[in-house]
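Please look over the structure shown here. The report below goes through it piece by piece, from a few helices to single residues and then the whole chain.

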Amino acid sequence: MSFSFFQLFDHIAECLSHYLEQLGLTHRTLPLGFTFSFPCIQKGLTSALLVGWTKGFNCSGVQGEDVVQLLRAAVKRRKVDIDVVAIVNDTTGTLMSCAHKNKECRVGLIVGTGTNACYMERLENVETWTGDNNDPKQVMINTEWGAFGDNRCLDFLRTSYDHQIDEVSLNKGKQLFEKMISGMYMGEIARRIIVKLADDGVLFEGKLSEKFKNPYAFKTKYVSNVESDPKHKVNETMIVLQKMGINGASQEDCEIIKLVCTTVSTRAAHLVSAAVATILNKMKRPYTTVGVDGSVYRYHPYFKELMEKKIEELTDPNYKFDLMLSEDGSGRGAALVAAVAVRNAK
């Protein structure tokens, strides 16, 4: 989707204004924790320069700009009494939200429309740190691992379907790891495989509906729906196929669709797991809680199970872990950071 930065930030300011009116809080200035789920160079708690858009977004006039200042300007234009006191990535918000309930949480993970992770790192391991005498012992590292592979190091893993999706994307050649995993692309990978199998006469007797020919028509939630069918049952699969314009699919067709969906989601889960295991092996902690948020992790029937098994397989047995669903979302984490910022300011 493409729009101007005025439209984007004015829309956010408008939503904030309406929300304050609903709550009857227009009479006071409120602090705001701003969750911004795109790669940024963070200059401080209230300064972040956008590196580039991901997940199919494209908003002109924002790249290289301080998104906090853009939001503040929009809020000022609408005369909304909001003070932006903190900006955090959604991974950071997830980590903070889970750490508030579990003190062993040191990793924040998102597997939703996009994918990314952050973790706590000892300061002596952060070569790019430029601080002062008040340096903390640890800092939070936002990995932006969705861009892993942009230097072509993952080409040996990428399939023809991955190349096709990247070729027509808004950010061609970028976020290649994310394009193999996240909810933005998982359904489309499955759709392209299904189209190829139908064209080869393997599915639906070679007859494909028009809807199946439309890019992104096969939603990622359909992958979850199909995989929720018990073994040798195809009720949900048939419902999904009917939504896609396929009527009278055979049992064999349905089983093939299930295999395609399972293969795509399992690959995604295993890739995420490899990245999480890498972080755990680097941290070398006896026990770590990984806070997780995102629609793919939350709603796919087997994603957590797949991840737990593969992370355990790839992680040093001395480093135990648990996956913790962020019940409150990354927004609560941003609110916690904002609350601490206000307290410290006083």
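In helix α3, the residues D90, T91, T92, G93, T94, L95, S97 and C98 are buried. Buried means under 20% relative accessible area, exposed means over 50%, and partly exposed lies in between (1.4 Å probe, protein chains only). Helix α3 spans residues 90–99 and is mostly covered, with 8 of its 10 residues buried. Helices (H or I, at least four residues) and strands (E, at least two) are DSSP runs, numbered from the N terminus.

This is a predicted model, in which local features need pLDDT of at least 70 and side-chain atom pairs count only at pLDDT 80 or more, while totals for chains, interfaces and linings use all residues. Residues are numbered from 1 along each chain as its sequence is written, and side-chain values use heavy atoms, with hydrogens and water left out.

**A second covered helix**

Helix α6 covers residues 220–227. This helix is also mostly covered: 6 of its 8 residues are buried. They are T220, Y222, V223, S224, V226 and E227. What do these buried residues pack against? Their partners are α5, α7 (235–243), α8 and α9 (295–299). Packing here rests on contact, which means heavy atoms within 4.5 Å.

**A residue on helix α8**

T278 lies in helix α8, which runs over residues 251–283. Is T278 buried or exposed? T278 counts as exposed because its relative accessibility is 53%. Its side chain reaches the backbone oxygen of A274 at 2.8 Å. This is a polar contact: a pair of N or O atoms within 3.5 Å; within protein, one must be able to donate a hydrogen and the other to accept it, and residues adjacent in sequence count only if both atoms are side-chain atoms. An α-helix has 3.6 residues a turn, so residues three or four places apart point the same way. T278 and K233 are 45 residues apart along the chain, and their C-alpha atoms are separated by 37 Å.

**The loop between α4 and α5**

Helix α4 spans 160–167 and helix α5 spans 186–199, and Q175 is found in the loop between them. N171 lies in that loop too. Q175 counts as buried, at 7% relative accessibility. N171 counts as buried as well, at 11%.

Now for their contacts. Leaving aside neighbours within four places in sequence, Q175 is in contact with T54, G146, A147 and D150. N171 touches W53, T54, D166, K179 and Y185, not counting residues up to four places away in sequence. T54 appears in both lists.

**Two positive phi angles**

K79 and R152 each have a positive phi although neither is a glycine. The table sets them side by side.

| Residue | Phi | Loop | Relative accessibility |
|---|---|---|---|
| K79 | about 55° | between α2 (67–77) and β6 (82–88) | 73%, exposed |
| R152 | about 75° | between β9 (138–142) and α4 | 40%, partly exposed |

**Two glycines**

G44 lies in strand β3, residues 40–44. G44 is partly exposed, with a relative accessible area of 30%. The C-alpha atoms of G44 and I87 are separated by 8.6 Å, and the two residues are 43 apart along the chain.

G329 is in helix α11, residues 329–345. G329 is buried, at a relative accessible area of 11%. Which residues does G329 touch, not counting those up to four places away in sequence? They are S97 and D293. S97 is one of the buried residues of α3. G329 and H27 are 302 residues apart along the chain, with their C-alpha atoms separated by 28 Å.

**The whole chain**

The secondary structure comes to 11 helices and 11 strands. The radius of gyration is 22 Å, close to the 20 Å that the globule rule gives for 346 residues, so the chain is as compact as a globular protein of that length. That radius is taken over C-alpha atoms, and the rule is 2.2 Å times the number of residues to the power 0.38. The C-alpha atoms fill a box of roughly 70 × 50 × 35 Å, taken along the principal axes.

Buried residues make up 48% of the 346 residues. Among contacts between residues at least 6 apart in sequence, 69% join residues at least 24 apart.
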